[in-house]
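Subject: Structure for you to look at

Hello,

Here is the structure for you to open and turn around before reading on. My notes on what was found in it follow below.

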Amino acid sequence: SKSAGEASKPPSPKWSSTFAIEDDSWKCEVCSVRNSTSATSCAACETPHPGSKSAGEASKPPSPKWSSTFAIEDDSWKCEVCSVRNSTSATSCAACETPHPGSKSAGEA
């Protein structure tokens, strides 16, 4: 059994050191990811480090690689039932099959 002195000791910081924020890291202004000081751009979204030479040369941060993957098409329509975006050519929602309000099948339903 542990003595009273041993029971009151805090646990060793094994996990805390795993998740500790490095003193010399920087936080990305765009996505809030922490990056090492040596990184000239964010590891997640590639925004230049505010203090780096490339940051002063760029007028705006680069578009994240994933932005084009999740971009909303100008000619898409939003389903009134489930809010999924569908292509203009779709006559019904890809997720819930609600007919497109402007399609011929919507008037027939």
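**Confidence and overall layout**

The mean pLDDT of the chain is 75, and 63% of its residues reach 70 or more. Please keep in mind throughout that this is a predicted model. Confidence is lowest in helix α3 (residues 53-57), where the mean is 52. Strand β3 (residues 77-78) is where confidence is highest, at 90. Where pLDDT is low, the predicted coordinates should not be read in detail.

The chain has four helices and four strands. Read from the N terminus, their order is α-α-β-β-α-β-β-α. Of its 109 residues, 17% count as buried. The accessible surface comes to about 8700 Å², and carbon and sulfur atoms hold 53% of that surface. Taking the contacts between residues at least 6 apart in sequence, 3% join residues at least 24 apart.

**The core and Trp-26**

Which residues form the largest nonpolar core? There are five: Trp-26, Cys-28, Ala-39, Cys-42 and Cys-45. In soluble globular proteins, nonpolar side chains tend to be buried together.

Trp-26 is a good residue to start from. It lies in strand β1 (residues 26-27). Is Trp-26 buried or exposed? Its relative accessible area is 8%, which is under the 20% limit, so Trp-26 counts as buried.

With neighbours within four places in sequence left aside, the contacts of Trp-26 include Val-33, Arg-34, Asn-35, Ser-36 and Thr-37. Ala-39, Ser-41 and Cys-42 are also among them, and so are Thr-47, Pro-48, His-49 and Pro-50. With Ser-36 there is a polar contact: a polar atom of the Trp-26 side chain lies 3.0 Å from the backbone oxygen of Ser-36.

Two C-alpha distances help to place Trp-26. Gly-51 is 25 residues away from Trp-26 in sequence, and their C-alpha atoms are 9.7 Å apart. Ser-38 is 12 residues from Trp-26 in sequence and 9.6 Å from it, again C-alpha to C-alpha. Ser-38 itself sits in the loop between β2 (34-35) and α3. Ser-38 is exposed, with a relative accessible area of 67%.

**The cysteines**

How many disulfides does the structure hold? The number is zero. Cys-45 is in no disulfide, and the nearest cysteine sulfur, that of Cys-28, is 3.6 Å away. Cys-45 counts as buried, at 6% relative accessibility.

Why is Cys-31 not bonded to Cys-42? Cys-42 has the cysteine sulfur closest to that of Cys-31, but the distance is 3.5 Å, too far for a bond. A disulfide needs the two sulfur atoms within 2.5 Å. Cys-31 counts as partly exposed, at 30% relative accessibility.

**Residues in the later loops**

Several residues in the loops further along the chain are also worth finding on screen.

- Asp-74 is in the loop between α3 and β3. Its relative accessible area is 82%, so Asp-74 is exposed. Asp-74 and Thr-88 are 14 residues apart in sequence, and their C-alpha atoms are 9.3 Å apart.
- Ser-83 is in the loop between β3 and β4 (85-86). Its phi is positive, about 70°, although Ser-83 is not a glycine. Ser-83 is partly exposed, with a relative accessible area of 43%.
- Glu-97 is in the loop between β4 and α4 (104-108). Its phi is near 65°, a positive value in a residue other than glycine. Glu-97 is exposed, with a relative accessible area of 62%.
- Ser-103 is in the loop between β4 and α4. At 13% relative accessibility, Ser-103 counts as buried. Ser-103 and Thr-91 are 12 residues apart in sequence and 5.7 Å apart from C-alpha to C-alpha.

If you want a place to begin, go to Trp-26, which is buried, and then to the cysteines that share the largest nonpolar core with it: Cys-28, Cys-42 and Cys-45.

Regards

Note on methods. Residues numbered from 1 in each chain as written. Predicted model: local features only at pLDDT ≥ 70, side-chain atom pairs only at ≥ 80, totals over all residues. Heavy atoms only, no water. Core = buried A, V, L, I, M, F, W, Y, C linked by side-chain atoms within 4.5 Å. Buried < 20%, exposed > 50% of the residue type's maximum accessible area, 1.4 Å probe, protein only. Contact = heavy atoms within 4.5 Å. Helix = DSSP H or I, 4+ residues; strand = E, 2+ residues; numbered from the N terminus. Areas by Shrake-Rupley, 256 points an atom, 1.4 Å probe, with all protein chains shown as cover. Polar contact = N/O pair within 3.5 Å; in protein donor to acceptor, adjacent residues only side chain to side chain. pLDDT = per-residue confidence, 0-100.
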